[in-house]
Amino acid sequence: MTLLHQNLHLPDNPELSQDVEPPASVVERVGNGSMLSSNISVSSQLFPVSKESFNFLQTHFPDATINEWSSWRWQLRNSYTSLQSLSKVIQPSDDELKPIDGVNDMLPIRITPYYAGLLASSKAGHPIRKTVVPTIQELSLQPGEASDPLSEEEYSPVPNLVHRYPDRALFLSTGFCPTYCRYCTRSHMVAKDKCHIGKKAWEPALAYLRSHTEIRDVIVSGGDPLSMPDSHIDYLLAHLRAIKHIEIIRIGTKVPVVMPMRITPALISILKKYHPLYISIHFTHPLELTQETSAACERLANAGMPLGSQTVLLKDINDDPAVMKKLFQGLLKIRVRPYYLYQCDPIPGSAHFRTPVSKGIEIIQSLRGFTSGYAVPQFVIDAPGGGGKIPLLPEYVQGYEDNNLLLKNYKGKIFKYPDVI
Ligand code: SF4
């Protein structure tokens, strides 16, 4: 069963321009010699522009205004969608350049100017660059890899909905993301870069949810739901909230990380109508903890949305206890609770991203007891074939001695707990 319908709208569709643009900030042209203020306060209606973003804007979009840079629509329109355009920002290595030329059926390239600013002038091993710039390794298929490793299509009773767990459902709202991660579990879905699925195509999924009273929790994902225009988000959330047995709604998104200016006051005023609304944000590396992303999270948190993070464990990108500790502690500072650490799913061409499972356990072991419990996410494997999320823990339980449970603490010492057997 296909998950996508063809009723698709491109980002430049005039319908999208009906939504409210982000507020105006500074209007001088970057290239005209005016000195513009960076670090604009988030406490006002203005969105901050860090010094790094400002330098990138000056270098790569000298004719653009700060006002344009602060518009998420401008970010979408000016995204890098080919290695050719990206080569103005980075010097592609042989591994990055050669294999992708002429291979058009792969996951598309799409990187917002804001996110490209995080990897500008980087070398090939740069962690964020590795997550979004394709390399020759993507063409190497390994045993066990599959385009739909979680068998989501098998658990899809109607298009755009996955119903795997008894009381939860996953609503696939769009096939579009502002920036594509090379390791994306749903690369089979977003591969065509076709943007939003559309209101009409959502109807069978909404009808399914109305008739399944056991579903109390809906996760709106995609693609990235917050890449949709305000009117679409409002429409979808209103229709979900109108279903009495749906208790909570969750949104899965990377928008605060790759296009933080999308978190506009207009969007916030829509989202906060639909509490209880939880936001799961996809973070990968501490380099993503910028002034802009912090401001986006602050707006969401101030509007009463509990924020959690989801992070994929990635080889030579974040598979280091010190890097993870910095990321998770940094997330708590911007009011995001680390929620899941995922073992990377075996999508085609993902071997270079995958670590041994023991690496994830080692990272959890390096955190538990050594930092705030809030900074320790749950390490899970989403079992291939549709088994669902299975948590993995270091071996804290060591067995029994008489009626005593033997427990190993974070320092490796054994303690006994008199269990009731
Ligand atoms: S943001 Fe999420 S859905 Fe979009 S490409 Fe990245 S992992 Fe996939």
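## A look around the ligand, sheets and helices

Let's start at the ligand: 11 residues sit around the ligand, and the ones that come nearest are Cys177, Tyr180, Cys181, Cys184 and Lys254. Sorted by class, the shell around the ligand has five nonpolar, three polar and three charged residues. Keep in mind as you browse that this is a predicted model.

Now for the sheets. One of them is open and built from nine strands, in the order β1-β2-β3-β4-β5-β6-β7-β8-β9, with mixed pairing. At its edges you'll find β1 (161-162) and β9 (388-391), each of which pairs on one side only. Inside that order, β2 and β3 run parallel and are joined by five bridges. If you want a spot to zoom in on, Leu170 stands opposite Ile219 in β3. A helix comes in here too: α15 packs on the sheet and touches β6 (307-313), β7 (337-343) and β8 (378-383). The direction of α15 makes about 160 degrees with that of β8.

There's also an open sheet of three strands, ordered β10-β11-β12 and paired antiparallel. Why do β10 and β12 each have one side left without a neighbour in the sheet? Both stand at the edges with a single partner strand, so there is no neighbour in the sheet on one side of each. From one strand to the next, the twist averages 30 degrees. Strands β11 and β12 run antiparallel, with five bridges joining them, and Leu407 is found opposite Phe415 in β12.

Here are the two strand pairs side by side:

| Strand pair | Bridges | Direction |
|---|---|---|
| β2 (residues 168-172) and β3 (residues 217-221) | five bridges | parallel |
| β11 (residues 404-408) and β12 | five bridges | antiparallel |

Back to α15, which has a helix for company. Helix α14 (residues 321-333) packs with helix α15 (residues 357-367) at an angle of about 60 degrees, and their axes are 9 Å apart. The two helices are therefore oblique to each other. As for handedness, α14 passes α15 in a right-handed crossing.

Which residues make that contact? On the α14 side they are Pro321, Met324, Lys325 and Phe328, while α15 brings Ile363, Ser366 and Leu367. By class, the contact of α14 with α15 comes out as five nonpolar residues, one polar and one charged.

Conventions: Residues are numbered from 1 along each chain as its sequence is written. This is a predicted model: local features need pLDDT of at least 70, side-chain atom pairs count only at pLDDT 80 or more; totals for chains, interfaces and linings use all residues. Two strands pair if DSSP finds at least two bridges between them. Helices (H or I, at least four residues) and strands (E, at least two) are DSSP runs, numbered from the N terminus. Axes are lines fitted to C-alpha atoms, for helices over the stretch in contact, and angles run from 0 to 180 degrees between N-to-C directions. A residue is near a molecule or strand if its C-beta atom, placed from the backbone, lies within 6 Å of it. Ala, Val, Leu, Ile, Met, Phe, Trp, Tyr, Cys and Pro count as nonpolar, Asp, Glu, Lys and Arg as charged, and the others, Gly among them, as polar. Angles under 35 degrees count as roughly parallel, over 145 as roughly antiparallel, 65 to 115 as roughly perpendicular and the rest as oblique. A crossing is left-handed if the near helix is turned anticlockwise from the far one by less than a right angle, and right-handed if clockwise. Two residues are in contact if their C-beta atoms, placed from the backbone, lie within 7 Å.
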